[in-house]
Amino acid sequence: MPRLAAGLRRIVFALSAVLMFSLPAYSLDESKITDAEQLAATTRALLQDIRSAVSSPIITNDKLAEYRSTLDKLRAGVNSAGSSLDAPSAELKEQISKLPQAPAEGQGEAPELSAQRKLLTDISNRLTGAQSQLQLLAVEIDQSSGQILATQRDRFFQQVFEPNSSIFAPSLWAASIEG
């Protein structure tokens with residue numbers, strides 16, 4: 001599981017980078033988008049590692065609890081990173097709306113204006129894609145956490161209802177009387 005620990009460190013680093021860049025200056029900084037995309041890729045890889053580990057029949061209850069805790073942290077980080085992209089997204093939409101209307105089909109547009117419209121639209125599409133990836137990851141993390149919870153619950157009930165000697169069993173009393 002050293003790969004899992006290294007993955008968690010990468011997630012924490014990427015998350016802190018996303019949060020650091022998303023503080024009050026809401027300028028159009030594409031590094032925020034890149035950081036969110038990298039966070040999504042790293043989180044997806046870590047989530048896959050956790051899913052693989054959890055699917056093992058010999059995984060311990062302690063490991064299940066550890067993975068569930070890790071998933072809770074990942075969910076919080078992904079949600080936070082997604083929320084940090086809301087302000088830049090709104091700013092981009094505002095800037096796009098301030099542009100003059102696109103000309104009708106067949107009419108020309110100033111090259112600078114066309115280039116700016118294309119640039120802003122491309123950045124907006126990347127930003128929307130990054131937000132969608134993070135939202136999807138949050139759902140996948142919730143599903144994985146639910147699967148771990150179901151496994152923990154099943155194991156608990158197996159232990160509770162596992163047949164064993166009762167306190168009223170004569171063999172238990174006979175063994176204690178003998179010595």
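## Overall picture

Of the 179 residues in this protein, 32% are buried. Keep in mind that the model is a predicted one. The surface comes to about 11,200 Å², and 60% of that is supplied by carbon and sulfur atoms.

The fold is easy to list: six helices and zero strands. Walk along the sequence and you get α-α-α-α-α-α. Take the contacts with a separation of 6 or more, and 80% of them come from residues 24 or more positions apart.

## The nonpolar core

So what sits inside? The largest nonpolar core holds 28 residues, and the ones with the most contacts within it are Ile50, Val54, Tyr67, Leu71, Leu134 and Ile148. Helix H2 (30-54), H3 and helix H5 (111-160) are the elements that each give two or more residues to this core.

Ile148 is a handy place to look around. Which residues does Ile148 touch, leaving aside its neighbours within four places in sequence? The list is Ile50, Val54, Leu64, Tyr67, Arg68 and Leu71.

## Ser69 on helix H3

Helix H3 spans residues 61-84, and Ser69 lies in it. Is Ser69 buried, exposed or partly exposed? With a relative accessible area of 31%, Ser69 is partly exposed, because that value falls between the 20% limit for buried and the 50% limit for exposed.

Ser69 also has a partner far off in sequence: Ser145 is 76 residues away along the chain, yet their C-alpha atoms are separated by 8.8 Å.

## Aromatic rings

The aromatic pairs number two. One of them joins Phe157 and Phe161, with 6.2 Å centre to centre and 15 degrees between the planes. Why does this pair count as stacked? Planes under 30 degrees apart get that label, so the 15 degrees between Phe157 and Phe161 qualifies.

Phe156 comes into the picture too, since ring pairs link Phe156, Phe157 and Phe161 into a cluster. As for accessibility, Phe157 is partly exposed at 42%, whereas Phe161 is exposed at 63%.

## A nonpolar surface patch

Some nonpolar side chains sit on the outside. Ile167, Phe168, Leu172, Trp173 and Ile177 make up a surface patch, and together they have about 630 Å² of accessible area.

Ile177 belongs to helix H6, which covers residues 170-178. Its relative accessible area is 71%, and Ile177 therefore counts as exposed, the cut-off being over 50%.

Definitions and conventions:
Residues are numbered from 1 along each chain as its sequence is written. This is a predicted model: local features need pLDDT of at least 70, side-chain atom pairs count only at pLDDT 80 or more; totals for chains, interfaces and linings use all residues. Side-chain values use heavy atoms; hydrogens and water are left out. Patches are made of residues with over 30% relative accessible area and no salt bridge: like charges are joined within 9 Å, nonpolar side chains (Val, Leu, Ile, Met, Phe, Trp, Tyr) within 5 Å. Accessible areas come from the Shrake-Rupley method with a 1.4 Å probe; for residues, only the protein chains shown count as cover. A salt bridge is a side-chain nitrogen of Lys or Arg within 4 Å of a carboxyl oxygen of Asp or Glu. Helices (H or I, at least four residues) and strands (E, at least two) are DSSP runs, numbered from the N terminus. Buried means under 20% relative accessible area, exposed over 50%, partly exposed in between (1.4 Å probe, protein chains only). Contact means heavy atoms within 4.5 Å. A nonpolar core is a set of buried Ala, Val, Leu, Ile, Met, Phe, Trp, Tyr and Cys residues joined through side-chain atoms within 4.5 Å. Rings of Phe, Tyr and Trp (its six-membered ring) pair if their centres lie within 6.5 Å; planes under 30 degrees apart count as stacked, over 60 as edge-to-face and the rest as tilted.
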